[in-house]
Amino acid sequence: MKSVWVIARLSILENSRKQVFHVLCLIMLAVIAGSTLLSIFTEGVKIKMLKDLCMTCILFAGAVLSIGLASTGIPNDIDSRVVYPILARPIARWHYVFGKFLGTAATVALAIAALSVVFCALIYCHQGHIDSFLATAALFAMLEAAVISAVAITLSTFTSTAVAALLSFMVYLFGTIKIGYLSKVLEKSPNSIAKTCGTVLYHVLPNLECFNLKAALVHGNSVPISYLLLVFSYGVCYTAFAVGAAALIFRGREV
Amino acid sequence: MAVPILTDNLSKTYKLPGKQTRKALDGLSIEVPEGVIFGFLGPNGAGKTTTIKILLDFIRPTSGTASLFGQSTDNPAVRRLVGYLPEQPYFHKFLKPTELLSLHASLCGIPSRAVKSAVTTALERVAMTHYADTPIGKLSKGLTQRVGIAQALVGNPKLLILDEPTSGLDPIGRRHVRDLLIELKREGHTIFLSSHLLSEVENLCDIVAVIKNGSLVAFGPPEQIRNATTYIRVYTQTAEIDCLERLRFLGVQIEQQTDRMIFRVEPEKAYELFRALEQLGLQLLRVETERESLEEAFLRLAA
């Protein structure tokens with residue numbers, strides 16, 4: 001297992017040098033600048049809009065970073081040949097895949113944590129106190145990012161970087177537009193192929209919307225612990241399944 | 001202990017776009033004994049890299065088997081005994097040699113407390129301590145190659161698989177690597193060396209395998225491969241080329257220089273050549289044995 005951590009650490013170092021992190025800085029600056037425009041609203045509306053804006057940014061940044069980093073990690077290592085000396089070491093292929101996933105997920109989690117701290121401070125400036133639920137919402141945003149990363153890594157083990165990124169983005173889109181609703185629409189279709197597609201999509205694609213706690217944060221609604229535990233378990237299981245599939249596919253792949 | 005490398009009837013066929021295929025290896029059987037420097041030669045596309053990739057489990061054979069120290073190549077644990085230098089090694093450019101080697105030492109399973117000394121030893125062996133903390137991206141091609149060799153040496157592996165280890169090195173660097181390989185052999189390491197520098201292979205290797213189109217065409221000590229075609233070179237005074245035409249039937253190669261003639265013939269035809277030259281009244285100046293170089297043998301075998 002030591003080799004998994006070694007590869008994860010290398011992956012974090014590698015990811016942190018990529019230019020996608022400049023996007024994060026831009027997002028932070030955009031939100032901080034945008035928050036000054038909210039002063040035209042009443043105090044209550046302003047705080048709600050600010051929280052909405054912050055959570056949207058965290059979720060969006062998490063998804064973009066996950067897709068960007070996870071779909072390029074393994075294909076880039078193969079294309080640049082840096083994978084050869086690593087795989088020539090006494091490590092199993094799954095160590096490498098799991099290490100790459102952990103490294104990517106940790107990088108995105110760090111980015112989300114950094115955004116959360118900045119936004120927490122911003123909300124504090126406007127609200128006068130820290131909303132502790134933002135931490136819970138950020139944690140579930142990290143979990144959503146982990147699921148997206150796992151899916152992107154799985155796709156990247158058998159496709160090119162571009163195809164993996166495109167497919168991951170489609171999974172993200174389908175996953176966030178309430179997949180249950182989508183499948184119901186397809187199931188009502190008279191076309192049997194569409195019905196089958198609806199069923200398959202419903203069961204295979206991740207339901208990313210369940211990780212989005214933005215509404216509860218904005219409106220101050222309480223979320224039952226049981227629901228949070230269920231969603232957490234779902235996220236962990238889905239991620240484990242996807243990474244397991246990635247390891248299995250990569251085990252059979254010739255590099 | 002089992003032999004470091006053993007392949008038995010190893011074949012690999014690549015699928016190409018469409019229904020086309022390309023046979024990269026065709027029934028390759030080689031055995032690399034312990035403690036030797038083994039030269040693996042072949043023209044481009046002969047199947048050298050494919051063989052190395054199979055040995056390291058990057059790709060799987062279509063048929064046949066390959067083993068390292070008696071264990072199947074798909075067993076990751078066996079690679080604890082192997083150090084690998086890829087052709088034109090690429091590493092993460094932001095890493096420093098010490099960081100890269102520490103990473104590989106950890107991947108080898110070296111305990112954390114022993115990593116530092118393993119890294120220092122490997123860097124010292126390739127004379128890279130001066131550049132230990134320079135990011136790899138800022139190193140020249142030759143220095144990067146040395147880092148690659150150091151990386152292969154981390155963990156003191158029993159078997160070293162080196163793909164073009166002197167590529168990109170200057171003459172001093174090449175000499176240094178040659179000395180290092182001899183030293184490693186003395187220490188009991190087995191070295192599998194794939195190289196295009198035939199003079200290097202000739203001077204270093206105990207056993208040489210030449211492959212062509214994925215099949216083995218020659219195997220044995222360099223002397224054995226070369227000896228098969230030794231030539232006799234005969235120097236005489238100059239003569240009219242017309243009168244020498246009768247020598248052509250012996251398969252004699254004739255070279256006319258300003259002050260002498262050079263005749264090149266296989267040893268078994270030397271006696272007939274001497275008689276013919278005597279009949280022509282040509283005075284012998286010198287006779288010497290021309291040993292075929294490994295390069296000539298390679299060109300003959302691989303052409």
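How closely do the axes of α1(A) and α5(A) approach, and at roughly what angle do they cross? Keep that in mind while we get set up.

This is a predicted model, in which local features need pLDDT of at least 70, side-chain atom pairs count only at pLDDT 80 or more, and totals for chains, interfaces and linings use all residues. Residues are numbered from 1 along each chain as its sequence is written, while chains are lettered from A and ligands numbered from 1 in the order in which they are written.

**Stop 1: chain A as a whole**

Select chain A and colour by secondary structure. You should find 11 helices and zero strands; helices (H or I, at least four residues) and strands (E, at least two) are DSSP runs, numbered from the N terminus. The C-alpha trace spans about 60 × 50 × 30 Å along its principal axes. The radius of gyration of chain A is 20 Å, which agrees with the value near 18 Å for a compact globule of 255 residues; it is taken over C-alpha atoms, and the globule rule is 2.2 Å times the number of residues to the power 0.38.

Of the 255 residues, 40% count as buried, meaning that 20 or more other C-beta atoms lie within 10 Å of the residue's own (12 or fewer is exposed, in between is partly exposed; C-beta atoms are placed from the backbone). Among contacts with a separation of 6 or more in chain A, 81% link residues 24 or more positions apart; a contact means C-beta atoms, placed from the backbone, within 7 Å.

**Stop 2: α1 and α5 of chain A**

Now select 2-16 and 93-127 in chain A. Back to the opening question: the axes of α1(A) and α5(A) come within 7 Å and cross at roughly 45 degrees. Axes here are lines fitted to C-alpha atoms, for helices over the stretch in contact, and angles run from 0 to 180 degrees between N-to-C directions. The two helices are therefore oblique to each other (under 35 degrees is roughly parallel, over 145 roughly antiparallel, 65 to 115 roughly perpendicular, the rest oblique). Their crossing is right-handed, that is, the near helix is turned clockwise from the far one by less than a right angle (anticlockwise would be left-handed). Show side chains for the contact: it includes A:Ile7 and A:Leu10 from α1(A), and A:Phe98 and A:Leu102 from α5(A).

**Stop 3: swap α1 for α3**

Keep α5(A) and add residues 43-79, helix α3 of chain A: these two pack at about 165 degrees, with axes 9 Å apart. That makes α3(A) roughly antiparallel to α5(A), and this crossing is right-handed too.

**Stop 4: A:Leu87 and the chain B side**

Jump to A:Leu87, in helix α4 of chain A. With 21 C-beta neighbours inside 10 Å, A:Leu87 counts as buried. Leaving out residues up to four places away in sequence, A:Leu87 touches A:Tyr96, A:Val255 and B:Phe58. A:Val255 is 168 residues away in sequence, yet 9.6 Å away C-alpha to C-alpha.

Zoom out: 21 residues of chain A are in contact with 23 of chain B. α1(A) gives the largest share of chain A's side, six residues.

**Stop 5: the sheet in chain B**

Finish in chain B, where four strands form an open antiparallel sheet in the order β12-β13-β11-β14; strands pair if DSSP finds at least two bridges between them. β12 (253-256) and β14 (284-290) stand at the edges with a single partner strand each, so one side of each is left without a neighbour in the sheet. Pick B:Ile254, and you'll find its bridge partner, B:Phe263, in β13(B).

Definitions and conventions. Contact = placed C-beta atoms within 7 Å.
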